[in-house]
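Visitor: Please choose one part of this model and take me through it closely, explaining each term as you meet it.

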Amino acid sequence: MDNILIAYFVRKSHASSFSKRVADDIAAALLEKGRASVEYAMTPVESYPVDNPAEFDQIVRLEKTNHLRPALTHRVGRWNDYKTIIIVAPNWDGDYPMGVYSFLDDYDFSGRRIIPVVVHNGDEGKTIRQEVREYMSEADVFDGVDIPQGSAIDPQAVAKVVATAIG
(Lines give C-alpha, C1' and ligand atoms only; values in the text may rest on other atoms or scores of the structure.)
Protein backbone atom coordinates (compact mmCIF):
# COMPACT_ATOMS: atom_id res chain seq x y z
CA MET A 1 0.00 0.00 0.00
CA ASP A 2 1.49 3.34 -1.02
CA ASN A 3 1.29 6.59 0.91
CA ILE A 4 -0.81 9.41 -0.49
CA LEU A 5 0.17 13.08 -0.49
CA ILE A 6 -2.46 15.73 -1.15
CA ALA A 7 -0.63 18.85 -2.31
CA TYR A 8 -2.90 21.88 -2.50
CA PHE A 9 -2.10 25.41 -3.59
CA VAL A 10 -2.86 28.29 -1.28
CA ARG A 11 -1.92 31.94 -1.65
CA LYS A 12 0.15 33.20 1.27
CA SER A 13 -2.42 35.88 2.00
CA HIS A 14 -5.25 33.32 2.07
CA ALA A 15 -4.84 30.89 4.97
CA SER A 16 -8.17 29.35 4.04
CA SER A 17 -8.94 28.55 0.42
CA PHE A 18 -11.31 26.49 -1.66
CA SER A 19 -8.38 24.27 -2.68
CA LYS A 20 -7.75 23.55 1.01
CA ARG A 21 -11.42 22.65 1.51
CA VAL A 22 -11.24 20.27 -1.46
CA ALA A 23 -8.03 18.71 -0.08
CA ASP A 24 -9.71 18.25 3.31
CA ASP A 25 -12.73 16.56 1.69
CA ILE A 26 -10.48 14.22 -0.29
CA ALA A 27 -8.50 13.35 2.86
CA ALA A 28 -11.73 12.64 4.77
CA ALA A 29 -13.07 10.45 1.96
CA LEU A 30 -9.79 8.52 1.81
CA LEU A 31 -9.94 7.99 5.57
CA GLU A 32 -13.49 6.63 5.23
CA LYS A 33 -12.02 4.05 2.84
CA GLY A 34 -9.34 3.17 5.40
CA ARG A 35 -6.54 5.11 3.68
CA ALA A 36 -4.61 7.83 5.45
CA SER A 37 -3.05 10.73 3.59
CA VAL A 38 -0.89 13.73 4.35
CA GLU A 39 -1.74 17.26 3.21
CA TYR A 40 0.91 19.69 2.02
CA ALA A 41 0.26 23.38 1.29
CA MET A 42 2.10 24.67 -1.77
CA THR A 43 2.41 28.24 -0.49
CA PRO A 44 4.51 30.84 -2.33
CA VAL A 45 6.90 32.88 -0.19
CA GLU A 46 5.70 36.12 -1.78
CA SER A 47 2.12 37.28 -1.33
CA TYR A 48 -0.15 38.00 -4.26
CA PRO A 49 -2.22 41.20 -4.27
CA VAL A 50 -5.58 40.73 -2.60
CA ASP A 51 -7.34 44.05 -3.08
CA ASN A 52 -6.35 44.78 -6.68
CA PRO A 53 -7.62 42.18 -9.20
CA ALA A 54 -5.95 43.93 -12.15
CA GLU A 55 -2.55 43.83 -10.42
CA PHE A 56 -3.13 40.19 -9.45
CA ASP A 57 -3.97 39.27 -13.09
CA GLN A 58 -0.89 41.14 -14.32
CA ILE A 59 1.41 39.23 -11.95
CA VAL A 60 -0.18 35.87 -12.85
CA ARG A 61 0.30 36.56 -16.58
CA LEU A 62 3.88 37.76 -16.04
CA GLU A 63 4.76 34.58 -14.13
CA LYS A 64 3.14 32.40 -16.79
CA THR A 65 4.64 34.22 -19.80
CA ASN A 66 8.14 34.15 -18.33
CA HIS A 67 7.82 30.63 -16.87
CA LEU A 68 8.70 31.99 -13.43
CA ARG A 69 8.83 29.56 -10.54
CA PRO A 70 8.02 31.33 -7.27
CA ALA A 71 9.76 29.91 -4.22
CA LEU A 72 7.57 27.94 -1.83
CA THR A 73 7.59 28.42 1.93
CA HIS A 74 8.54 24.83 2.83
CA ARG A 75 9.34 21.40 1.45
CA VAL A 76 7.61 18.05 1.71
CA GLY A 77 9.06 15.89 4.47
CA ARG A 78 9.87 12.25 3.69
CA TRP A 79 9.20 12.66 -0.04
CA ASN A 80 10.22 9.09 -0.85
CA ASP A 81 7.33 7.78 1.26
CA TYR A 82 4.75 9.03 -1.28
CA LYS A 83 3.86 7.16 -4.44
CA THR A 84 0.52 8.86 -5.17
CA ILE A 85 0.29 12.64 -5.29
CA ILE A 86 -3.03 14.41 -5.63
CA ILE A 87 -2.53 18.02 -6.75
CA VAL A 88 -5.37 20.42 -5.94
CA ALA A 89 -5.00 23.91 -7.36
CA PRO A 90 -7.00 26.63 -9.08
CA ASN A 91 -7.14 27.52 -12.75
CA TRP A 92 -5.28 30.81 -13.05
CA ASP A 93 -5.44 32.22 -16.57
CA GLY A 94 -5.80 28.78 -18.15
CA ASP A 95 -3.05 27.07 -16.17
CA TYR A 96 -2.12 25.98 -12.69
CA PRO A 97 -0.43 28.73 -10.65
CA MET A 98 3.30 28.80 -11.37
CA GLY A 99 3.88 27.83 -7.73
CA VAL A 100 2.52 24.39 -8.61
CA TYR A 101 5.24 24.08 -11.25
CA SER A 102 7.78 25.07 -8.58
CA PHE A 103 6.54 22.04 -6.64
CA LEU A 104 6.67 19.81 -9.73
CA ASP A 105 10.23 20.97 -10.51
CA ASP A 106 11.49 20.47 -6.94
CA TYR A 107 10.88 16.72 -6.67
CA ASP A 108 11.56 13.54 -8.59
CA PHE A 109 8.21 12.20 -9.77
CA SER A 110 9.65 9.19 -11.61
CA GLY A 111 7.30 6.23 -11.21
CA ARG A 112 4.82 8.20 -9.11
CA ARG A 113 1.12 8.59 -9.76
CA ILE A 114 -0.22 12.14 -10.14
CA ILE A 115 -3.92 12.93 -9.93
CA PRO A 116 -4.54 16.56 -10.96
CA VAL A 117 -7.59 18.30 -9.51
CA VAL A 118 -8.44 21.69 -11.03
CA VAL A 119 -10.57 24.12 -9.04
CA HIS A 120 -12.25 26.58 -11.39
CA ASN A 121 -14.90 29.25 -11.87
CA GLY A 122 -16.44 27.78 -15.00
CA ASP A 123 -13.36 27.59 -17.21
CA GLU A 124 -12.56 23.97 -16.29
CA GLY A 125 -9.16 22.36 -16.47
CA LYS A 126 -8.92 19.81 -19.28
CA THR A 127 -6.03 21.69 -20.91
CA ILE A 128 -4.29 22.07 -17.53
CA ARG A 129 -4.52 18.35 -16.87
CA GLN A 130 -3.10 17.67 -20.37
CA GLU A 131 -0.28 20.18 -19.72
CA VAL A 132 0.63 18.37 -16.48
CA ARG A 133 0.64 15.04 -18.34
CA GLU A 134 3.08 16.43 -20.94
CA TYR A 135 5.22 18.28 -18.37
CA MET A 136 5.54 15.27 -16.07
CA SER A 137 6.19 12.57 -18.65
CA GLU A 138 8.23 10.51 -16.15
CA ALA A 139 5.16 10.12 -13.93
CA ASP A 140 1.90 8.27 -14.40
CA VAL A 141 -0.52 11.20 -14.72
CA PHE A 142 -4.19 10.25 -14.42
CA ASP A 143 -7.13 12.18 -15.90
CA GLY A 144 -8.07 13.78 -12.59
CA VAL A 145 -11.13 15.96 -12.20
CA ASP A 146 -12.39 19.52 -12.38
CA ILE A 147 -14.21 20.90 -9.36
CA PRO A 148 -16.25 24.08 -9.79
CA GLN A 149 -15.50 26.62 -7.10
CA GLY A 150 -18.52 27.30 -4.96
CA SER A 151 -20.04 26.75 -1.59
CA ALA A 152 -20.52 22.99 -2.03
CA ILE A 153 -17.89 20.52 -3.18
CA ASP A 154 -19.21 17.88 -5.57
CA PRO A 155 -19.03 14.55 -3.68
CA GLN A 156 -18.96 12.60 -6.97
CA ALA A 157 -15.81 14.44 -8.04
CA VAL A 158 -14.19 13.70 -4.67
CA ALA A 159 -15.24 10.04 -4.99
CA LYS A 160 -13.60 9.83 -8.43
CA VAL A 161 -10.32 11.19 -7.06
CA VAL A 162 -10.42 8.73 -4.15
CA ALA A 163 -11.22 5.78 -6.43
CA THR A 164 -8.29 6.72 -8.68
CA ALA A 165 -5.96 7.14 -5.69
CA ILE A 166 -6.74 3.78 -4.14
CA GLY A 167 -7.59 1.89 -7.33
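Guide: When the lining of a space is sorted by class, Ala, Val, Leu, Ile, Met, Phe, Trp, Tyr, Cys and Pro count as nonpolar, Asp, Glu, Lys and Arg as charged, and the others, Gly among them, as polar. The model is predicted, so to speak of local features a pLDDT of at least 70 is needed and side-chain atom pairs count only at pLDDT 80 or more, while totals for chains, interfaces and linings use all residues. Residues are numbered from 1 along each chain as its sequence is written, and side-chain values use heavy atoms, with hydrogens and water left out.

Let us begin with the largest pocket, which holds about 420 Å³ of space. On a 1 Å grid over the protein atoms alone, a pocket is an open set of points with protein on both sides within 12 Å along at least five of seven lines, a cavity is a set where a 1.4 Å probe fits but cannot get out, and lining residues have an atom within 4 Å of a point. Points are joined across faces, edges and corners, and a volume is the space filled by probe spheres set on them. The lining of the largest pocket has 20 residues, and R11, F56, P90, W92 and Q149 lie nearest its centre. By class, this lining divides into 8 nonpolar, 7 polar and 5 charged residues. At least two lining residues come from each of α1 (18-32), α2 and β4 (113-120), and α2 gives the most, with 4 residues. Helices are DSSP runs of H or I with at least four residues and strands are runs of E with at least two, both numbered from the N terminus.

One of those central residues, W92, is a good guide to the surroundings. W92 counts as buried because its relative accessibility is 10%; buried means under 20% relative accessible area, exposed over 50% and partly exposed in between, with a 1.4 Å probe and protein chains only. A search of the whole structure finds 11 aromatic pairs. In one of them, F9 and W92 meet edge-to-face, at 5.2 Å centre to centre and with 85° between the planes. Because F9 lies in strand β1 and W92 in the loop between β3 and α3, this pair ties together parts that are 83 residues apart in sequence. F9 is buried too, with a relative accessible area of 2%. The rings of F56 and W92 also form a pair, and since their centres are 4.9 Å apart and their planes stand at 85°, the pair is edge-to-face. This second pair links distant parts of the chain, with F56 in helix α2 and W92 in the loop between β3 and α3, 36 residues apart. F56 counts as buried at 13% relative accessibility. For these pairs, rings of Phe, Tyr and Trp (its six-membered ring) must have centres within 6.5 Å, and planes under 30 degrees apart count as stacked, over 60 as edge-to-face and the rest as tilted.

W92 also belongs to the lining of the largest cavity, together with V60, E63, K64, Y96, P97 and M98. The whole structure has 1 cavity of 30 Å³ or more, and about 40 Å³ of space lies in the largest cavity. Here again α2 gives the most to the lining, with 3 residues, and by class there are 5 nonpolar, no polar and 2 charged residues.

Next to consider is N91, which sits in the loop between β3 (82-90) and α3 (98-106). With a relative accessibility of 12%, N91 counts as buried. A polar atom of the N91 side chain lies 2.8 Å from the backbone nitrogen of G94, and the N91 side chain reaches the backbone nitrogen of D95 at 3.4 Å. A polar contact is a pair of N or O atoms within 3.5 Å; within protein, one must be able to donate a hydrogen and the other to accept it, and residues adjacent in sequence count only if both atoms are side-chain atoms. Leaving aside residues up to four places away in sequence, N91 touches V118, V119, H120, D123, E124 and I128, where contact means heavy atoms within 4.5 Å.

Following the chain onward brings us to α3, which is mostly covered, with 7 of its 9 residues buried. These are M98, G99, V100, Y101, S102, F103 and L104, and they pack against β1 (3-9), β2 (37-42), α2 (53-65), β3 and α4 (126-135). F103 also takes part in an aromatic cluster with Y40, W79, Y107 and F109.
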